[in-house]
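Student: Could you walk me through this complex before I get back to the bench? I'd like to start with the protein chains and then turn to the DNA.

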There are 2 protein chains.
Amino acid sequence: MPSDPPRLDPVQLGAYFALMDVAGMLRHRVEQQLKEEGDLSYVQFQLLARLALDSTDGSARMTDLADGVVYSRSGLTYQVGLLEKAGLVTRAASQEDERVVVVTVTEEGRSRVRTVLPGHVDVVRDQLVAALPGAGIGQLADLLAPVRDHMRAAPPRSAATRRGR
Amino acid sequence: MPSDPPRLDPVQLGAYFALMDVAGMLRHRVEQQLKEEGDLSYVQFQLLARLALDSTDGSARMTDLADGVVYSRSGLTYQVGLLEKAGLVTRAASQEDERVVVVTVTEEGRSRVRTVLPGHVDVVRDQLVAALPGAGIGQLADLLAPVRDHMRAAPPRSAATRRGR
DNA sequence: GGTCGGTGCTTCGAAGTCGAAGCATGTGGT
DNA sequence: ACCACATGCTTCGACTTCGAAGCACCGACC
């Protein structure tokens with residue numbers, strides 16, 4: 001009998017829902033903390049953090065920022081505009097390539113990140129790490145890493161459907 | 001110089017970022033599929049699915065729906081309004097309590113869920129399950145379940161910081 | 001050197017999202 | 001019965017988000 005309902009056992013479905021729920025709630029809490037302690041949205045924090053912590057010179061091209069964060073280009077333009085208005089970053093056209101806009105954190109931007117980071121980390125620890133006994137967090141990291149790689153590699157559309165693969 | 005920056009080792013941070021990234025990408029892909037094959041947003045699908053699959057009589061109060069989905073009340077009103085306009089659900093005041101609005105899936109709503117479910121499951125399998133070898137998906141479920149419970153139980157605000165501040 | 005497709009970013013309009021305020025109904029205390 | 005507060009949902013305005021269209025610049029090829 002072709003049981004038309006899907007072909008995902010309860011365990012798989014459970015993992016899927018749990019993943020989405022946990023991420024959703026975690027994001028919600030993190031966003032609250034960022035808003036309260038630093039008047040930043042999650043996206044803005046991600047952008048600032050990437051510039052202040054993951055970049056040697058504190059600057060990056062718009063496109064590189066967009067790739068790091070899962071975001072539309074237009075949304076990025078908007079958010080960087082806000083950050084610029086707030087004095088946390090500066091924008092400048094690249095010399096080598098006039099099309100490119102280079103975004104750079106200001107000292108105030110770095111300072112803001114420093115202000116929010118401890119509380120941010122507290123939230124993650126209290127909400128996520130604390131719920132996982134001992135090595136749990138490590139196992140979680142080990143499980144998710146390959147998934148992330150798989151997803152980044154996989155084509156966003158068109159391959160998802162029908163028999164194939 | 002005291003290393004005041006966070007107190008989360010790289011593994012914990014890695015798990016956190018991986019979680020947020022994976023959930024973000026997965027949601028993005030799932031949303032695409034839903035939009036293409038059923039003209040539904042992720043939220044709308046969640047609402048319909050909850051009514052069609054998780055409810056014995058195919059109906060629920062607005063508040064119960066909002067609690068299940070991580071969502072604001074006003075956003076729920078908006079989305080249910082759209083679903084009603086599309087003929088996928090109906091709204092009616094409760095008899096016992098005039099304040100309560102009971103939402104019920106229509107047959108067309110159920111049908112819509114049936115239409116999108118297979119593709120939805122395909123995406124989850126291709127993107128999430130396929131990336132995890134053997135028992136991986138089960139381990140993921142086991143790890144996330146307690147986290148979800150922990151978060152649901154934990155106070156949404158104000159408890160984020162203990163010492164300091 | 002001029003045109004042409006490709007790339008990087010922005011603008012624009014439509015939709016979705018949230019919190020606060022508002023309205024109507026229920027409930028408990030006096 | 002009355003009043004005050006609580007509860008359930010909606011409305012409102014502000015903000016964010018996205019995709020499509022647009023602009024400016026680059027590189028390559030004739």
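**Chain interface and DNA surface**

Student: How many salt bridges does the rule find across the interface of chain B and chain A?

Tutor: The rule finds four salt bridges across that interface, a salt bridge being a side-chain nitrogen of Lys or Arg within 4 Å of a carboxyl oxygen of Asp or Glu. One of them joins A:R148 to B:D21, with the closest N and O atoms 3.0 Å apart. Please keep in mind that this is a predicted model, in which local features need pLDDT of at least 70 and side-chain atom pairs count only at pLDDT 80 or more, while totals for chains, interfaces and linings use all residues. Residues are numbered from 1 along each chain as its sequence is written, chains are lettered from A and ligands numbered from 1 in the order in which they are written, and side-chain values use heavy atoms, leaving out hydrogens and water.

Student: OK, and which elements of chain B give two or more residues to the side that touches chain A?

Tutor: Those are α1 (10–38), α5 (107–127) and α6 (136–153) of chain B, where helices are DSSP runs of H or I with at least four residues, numbered from the N terminus. The largest share, 20 residues, comes from α1(B).

Student: How much area do chain B and chain A bury between them?

Tutor: They bury about 6200 Å², with 69% of it on carbon and sulfur atoms; buried area is the accessible area (1.4 Å probe) that two parts lose on being put together, summed over both. On the chain B side, B:Y16, B:L143 and B:M151 lose the most area to chain A, together 11% of what that side buries.

Student: Switching to the DNA, which residues are closest to strand D?

Tutor: Of the 20 residues that surround DNA strand D, the closest are A:Y71, A:Y78, A:Q79, B:T63 and B:R91, and a residue is near a strand if one of its heavy atoms lies within 4 Å of it. Sugar and phosphate account for 74% of the atoms of DNA strand D that come within 4 Å of the protein.

Student: What distances do you get from a phosphate oxygen to the side chains of B:T63 and B:R91?

Tutor: For B:T63, a side-chain N or O atom is 2.2 Å from a phosphate oxygen of strand D, and for B:R91 the corresponding distance is 2.7 Å. With B:V101, a backbone N or O atom lies 2.9 Å from a phosphate oxygen of that strand.

Student: And which element gives the most to that surface?

Tutor: That is α4(A), which contributes four residues to the surface near DNA strand D.

Note on methods. Polar contact = N/O pair within 3.5 Å; in protein donor to acceptor, adjacent residues only side chain to side chain.
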